[in-house]
Structure formats: structure tokens, C-alpha cells
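Visitor: I have a model open in front of me, and I would like to understand the reasoning behind the words used to describe it.
Guide: Then let us take the terms one at a time.

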Amino acid sequence: MPHSATLRVHSKVKAAAIFKDNLQNFLFVLPAFAIFCIFYVYPFLNMIFLSFHEWRGIGPMHFTGLRNYQELLTDSLWWDSMWHAGYITLIALIFQNALAFALALACDREIRMKRFYRVVFFIPPVLSEVVVGLIWNWILNPEMQNGRHIGLLNHLLYISGFPQLVHNWLGDPQTALTTIAIVNSWKGFGWGFIILLAGLQTIDRQLYESAMIDGANSWKTFTKVVIPMMLPVILVVVILTILGCMQVFVLILSMVNEGLVNHTDVPVLRILSAMSATNRFGYACAEAVNFGAILVCISFITKKLSDRAKQV
């Protein structure tokens, strides 16, 4: 057999082996891929399709084009809910992540009972949001019984000599959203704590020793060693915080009564309201598409800003 013919036979055999290997690999992932397409890709595409229609959840659909999106642009309640979610997210980015980073730095050092602290700090995020909401409802309860405050916070403020600070924290539109933001930060800081602690433990200890030999104090070590090495981890925590806090709604439902709905509304609650209260499924899908696009843009901008900060 000529040499060229032999090479062609070998190449065909090799190509057939590669194809068989790739086919076997694809068959292994096919069940997961099918589940992903059925429960994620199809609903996502169908949601976009429904956003161009007027539909009450049953019966015929009526194509409306961009009418739902045009209405959304002038919907003040929707944009108020976006502001509320943004405010909750801002509080989390500042308070929640700062607390998580400080506790992670503390537990990264050789301190007594640091394993116990790791477990305690991770308890809030694993609790159900409904349970957390009910607990904080009791803590913030403004009512009185037999001349005493039922809520733990108001009771402590009263007996500590600060009766002027006693307040209906969840019943006042001026304080309800901030209270919810703080409770949300308390519940969520444990996730950031675990991620940041894992990142701190990957930093080579020799870098700390080198900084100490060069005469760097604690602040210099923190700004010149810890922060640059932790930037990728911090970016992950920031993006997860934004995505998580912008979508919060179960905690709000379990804490706030219906009377303050317009003062503590968030996008997910507006979407649910469009579906359940007014049966406008097409409009709800338009809100969901708008909300998803905003989250993607925020994540993209955050990533770009982080990359630019690394280059500086």
C-alpha cells in the first residue's frame, strides 16, 4: 500500500476515534444539558416571547409589540422598587461586606476559638429567610403589654435610658427600608465571610514575613499585600452581593405588612404583583427581562471597574 494511502487510513481511524470519544463525552453530559435546556433555556426564551404579548395566564395571547416595555419606562412604582433594591444593595456592599472582611481578617489570625467563630458567623446565612424575618419581627415589635415593650430592641432602649429612641421600626416608612437593609446585611454577611476567609488563607505567609522585614506596618501590609492579592475574591463577593440583594423578597414578605408595600417594594415583588394581583403575565415578563438586563449591566460594569483598578 502506498505511503499516502496509509496516512489517509490512519487519519480516518484517528478521526473516527476522536469522534467516538467526543460522542461518549457528550452522551455523559446530555442528561444535565437536557435538564438545563428544559428548565432554564426554554423558560428564558418563553419569557422574552411573552413579554411582547398581553396574556392573563389563561386563554388567548394578544401580540402588543413593545407596548409593555413602553409602559414600563413610565411606571413609577417599578422604578421606585429598583431604587429600594439598590438602596438595600448599597447598605450590603458597605456594611455587610465590611463586617465580613473584618471578621475574616480576625479569624485568619491565630486567635483562640477561631473555629467556633467560623461556625457562629455562618449560622445566619443558612437560616431560612422566613425564620429570620419572624425572629426580627419579634425583636422589632413596637407593641406594649402590661406597660412593657414586647420587642427586644425597644425594651433594651427603654431600660438603658434611651426612651426617646423607642420606635416602630418596621411600621414607619422613614425607617422600614433601612431596617430591612440592615437585617438583610446581618443575614448575608456569613457568605462573604466564608469566601473572604478562604481567599485570605491562600495568601502565601512569606509575603507577610517579607513585608515585615521591609519595615511595613500593619496598615502598609494590608494595603500593599492583602488588598492586591484579594482583589479577585473581593470582586466575586461584590458581584454575588449585588445579584443576591437585588433579588431579595422573601425576607421583606416575612417582615413587612401590606400597608407599607409601596415603601418597601422591590423588583421581584413588583413582578409577582403583576402576575398575581393584576394577572398581567406579559407585563410581568417585560419587568423580568428589564430587571435581568439591568443586573447583567451592573455585573459587567463592576467587572470592568475591577479590571481597571487592577491595572492601576
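Visitor: Why is N279 called partly exposed?
Guide: In this predicted model, N279 has a relative accessible area of 28%. Since buried requires under 20% and exposed requires over 50%, the value for N279 falls in between, and therefore N279 is partly exposed.

Visitor: Where does N279 lie, and what is its phi?
Guide: N279 sits in the loop between α13 (267–276) and α14 (281–311), and its phi is near 55°, a positive value in a residue other than glycine. Most residues other than glycine have a negative phi.

Visitor: What makes α3 oblique to α8?
Guide: The axes of helix α3 (residues 76–108) and helix α8 (residues 176–201) come within 6 Å and cross at roughly 40°. Angles under 35 degrees count as roughly parallel and 65 to 115 as roughly perpendicular, so the crossing angle makes α3 oblique to α8. The crossing of α3 past α8 is right-handed, and the residues of their contact comprise 20 nonpolar, 9 polar and 1 charged.

Visitor: Which element gives the largest share of the lining of the second largest pocket?
Guide: That share, 6 residues, comes from α8. The second largest pocket holds about 290 Å³ of space, and of the 15 residues that line it, the closest to its centre are Q96, G188, W191, L240 and G244. By class, this lining of the second largest pocket has 7 nonpolar, 6 polar and 2 charged residues.

Conventions:
Residues are numbered from 1 along each chain as its sequence is written. This is a predicted model: local features need pLDDT of at least 70, side-chain atom pairs count only at pLDDT 80 or more; totals for chains, interfaces and linings use all residues. Side-chain values use heavy atoms; hydrogens and water are left out. Axes are lines fitted to C-alpha atoms, for helices over the stretch in contact, and angles run from 0 to 180 degrees between N-to-C directions. Helices (H or I, at least four residues) and strands (E, at least two) are DSSP runs, numbered from the N terminus. Angles under 35 degrees count as roughly parallel, over 145 as roughly antiparallel, 65 to 115 as roughly perpendicular and the rest as oblique. A crossing is left-handed if the near helix is turned anticlockwise from the far one by less than a right angle, and right-handed if clockwise. Ala, Val, Leu, Ile, Met, Phe, Trp, Tyr, Cys and Pro count as nonpolar, Asp, Glu, Lys and Arg as charged, and the others, Gly among them, as polar. Buried means under 20% relative accessible area, exposed over 50%, partly exposed in between (1.4 Å probe, protein chains only). On a 1 Å grid over the protein atoms alone, a cavity is a set of points where a 1.4 Å probe fits but cannot get out, and a pocket is an open set with protein on both sides within 12 Å along at least five of seven lines; lining residues have an atom within 4 Å of a point. Grid points are joined across faces, edges and corners, and a volume is the space filled by probe spheres set on the points.
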